[in-house]
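Please walk me through this structure in my viewer. I have never looked at it before, so tell me what to select at each stop and what I will find there.

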Amino acid sequence: VIDLAKLPPRAQPAIIVIKLDDVSQVHGNVHATWKRVDEALAARNIKASYGVVCETLTEATPAYAEWIKSRQASGRVEFWFHGWNHRAHDVEGKPCNEFAGWSYDGMKALIDRSQKAALDKLGFAFATFGPTGCGAPGPNLDETVLKALHDDPYIKVALYPTPLDDMGKRVSADGKLTILDRVWDMNLESLVGVPDCKRLIAGYAANPKRAYFVLQGHPGQWSGGRFDEFLRILDFLQSQNVIFMTPSECASALK
């Protein structure tokens with residue numbers, strides 16, 4: 001157990017980007033657990049970001065689309081591009097993750113289709129993306145895909161699935177795309193769908209010089225005690241006077 005009074009001092013408050021994956025609707029309404037999480041964040045005036053799987057927008061009810069549009073317009077939540085269908089695709093008989101294995105033109109077509117769905121249903125295009133992990137062998141993201149995302153006129157920010165690597169440095173070198181990378185031991189969840197406050201505190205204590213943290217979670221799996229653990233994480237972060245930002249705000253602050 002870490003004594004909170006003995007946490008290493010920080011020169012500046014940490015910036016926190018809350019990255020929540022797979023916002024969804026059930027029977028035409030916002031998923032109940034997602035709604036609960038959003039309401040908790042709103043009650044605390046905490047900014048966050050929610051990943052949209054764009055194929056779901058083709059079935060979006062007016063009420064669900066309005067829920068997204070109103071939050072995006074408020075500035076409290078930034079919705080981001082989380083793929084077209086969150087599924088693996090076949091490349092020469094082998095499964096690849098959704099953001100790997102494409103030709104440049106193939107990925108550009110998927111991005112264009114997704115941005116069109118957002119513009120048609122929501123009235124805005126995504127400025128940020130984060131890759132999906134579909135359980136297929138190989139990387140979640142490759143350089144051809146990252147270059148196609150870089151070249152999209154709307155996308156300015158990448159929520160990277162790993163610490164910054166050479167691929168990310170190359171594609172972001174011209175400054176058009178800002179990469180927000182990850183610190184593995186500082187996260188909302190220890191396993192997918194399982195918030196873990198003790199692990200997050202340990203990760204925070206281990207990285208006192210880190211300017212920002214991207215914290216990933218999957219609210220659709222946060223029922224019962226998992227939701228309570230998420231609230232404990234928010235209690236801790238607020239006790240540290242962190243600055244909650246959307247991905248686009250964080251990218252601007254780092255620049």
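## Stop 1: an aromatic pair between two strands

Start by selecting phenylalanine 79, which counts as buried because its relative accessibility is 1%. Keep in mind throughout the tour that this is a predicted model.

Now add tyrosine 50 to the selection. At 0% relative accessibility, tyrosine 50 counts as buried too. The structure holds 11 aromatic pairs, and tyrosine 50 with phenylalanine 79 is one of them: the rings meet edge-to-face, 5.4 Å centre to centre, with 90° between the planes. Why does this pair tie together parts that are 29 residues apart in sequence? Tyrosine 50 lies in strand β4 and phenylalanine 79 in strand β5, so the contact reaches from one strand to the other.

## Stop 2: strand β4 and its neighbours

Select residues 48-52, which make up strand β4. This strand is mostly covered, with five of its five residues buried. Turn the view to follow the side chains: Ala48, Tyr50 and Val52 point one way, while Ser49 and Gly51 point the other way. In a regular strand, side chains alternate between the two faces of the sheet.

Next, show strand β1, residues 15-23. Strands β1 and β4 pair in the parallel sense over three bridges. To find one of the contact points, pick leucine 20, whose bridge partner in β4 is tyrosine 50.

Then show strand β5, residues 77-81. Here β4 and β5 run parallel, joined by five bridges. Which residue of β5 is the bridge partner of valine 52? Look for phenylalanine 81. To see how the chain gets from β4 to β5, trace it through helix α2, residues 62-74; this β-α-β crossover is right-handed.

## Stop 3: more aromatic rings

Keep phenylalanine 81 selected and add Phe99, Phe124, Phe126 and Phe129: together with Phe81 they form one aromatic cluster.

Two further rings have a charged neighbour. Select tryptophan 84 and you will find arginine 113 over the face of the ring, at 4.8 Å from the ring centre. At tyrosine 212, arginine 210 lies over the face, at 4.3 Å from the ring centre.

For another pair, move to phenylalanine 236, which is buried with a relative accessible area of 4%. Its partner, tyrosine 204, also counts as buried, at 4% relative accessibility. Tyrosine 204 and phenylalanine 236 meet edge-to-face, 5.3 Å centre to centre and with 85° between the planes. Tyrosine 204 belongs to helix α6 (residues 197-206) and phenylalanine 236 to helix α7 (residues 225-239), so this pair ties together parts 32 residues apart in sequence.

## Stop 4: salt bridges

Stay in helix α7 and select glutamate 229 and arginine 232, which are three residues apart and so separated by about one helical turn. They form a salt bridge whose closest N and O atoms are 2.8 Å apart. Is each partner buried or partly exposed? Glutamate 229 counts as buried at 15% relative accessibility, whereas arginine 232 counts as partly exposed at 43%. Elsewhere, Asp38, Arg71 and Arg76 are joined into one network by salt bridges that share partners.

The count of salt bridges comes to 12. Another of them links arginine 170 with glutamate 143, with the closest N and O atoms 2.6 Å apart. That pair connects distant parts of the chain: arginine 170 is in helix α5 (residues 166-172) and glutamate 143 in helix α4 (residues 143-151), 27 residues apart.

Within helix α4, select aspartate 151 and lysine 147. Their salt bridge has its closest N and O atoms 2.9 Å apart. Aspartate 151 is partly exposed, with a relative accessible area of 31%, and lysine 147 counts as partly exposed at 37%.

## Stop 5: the cysteines

How many disulfides does the structure hold? There are zero disulfides. Select cysteine 54, and you will see that the nearest cysteine sulfur, in cysteine 134, is 13 Å away. Cysteine 54 counts as buried at 0% relative accessibility, while cysteine 134 counts as partly exposed at 23%. Why is cysteine 134 without a bond to cysteine 96? The sulfur in cysteine 96 is the closest cysteine sulfur to that of cysteine 134, but at 10 Å it is too far for a bond.

Technical notes
Residues numbered from 1 in each chain as written. Predicted model: local features only at pLDDT ≥ 70, side-chain atom pairs only at ≥ 80, totals over all residues. Heavy atoms only, no water. Buried < 20%, exposed > 50% of the residue type's maximum accessible area, 1.4 Å probe, protein only. Helix = DSSP H or I, 4+ residues; strand = E, 2+ residues; numbered from the N terminus. Pairing = 2+ DSSP bridges. Right-handed = clockwise from strand over helix to strand, strands pointing away. Disulfide = S-S within 2.5 Å. Phe/Tyr/Trp six-rings, centres within 6.5 Å; stacked < 30°, edge-to-face > 60°. Lys NZ or Arg CZ within 6 Å of the ring centre and 35° of its normal. Salt bridge = Lys/Arg side-chain N within 4 Å of Asp/Glu carboxyl O.
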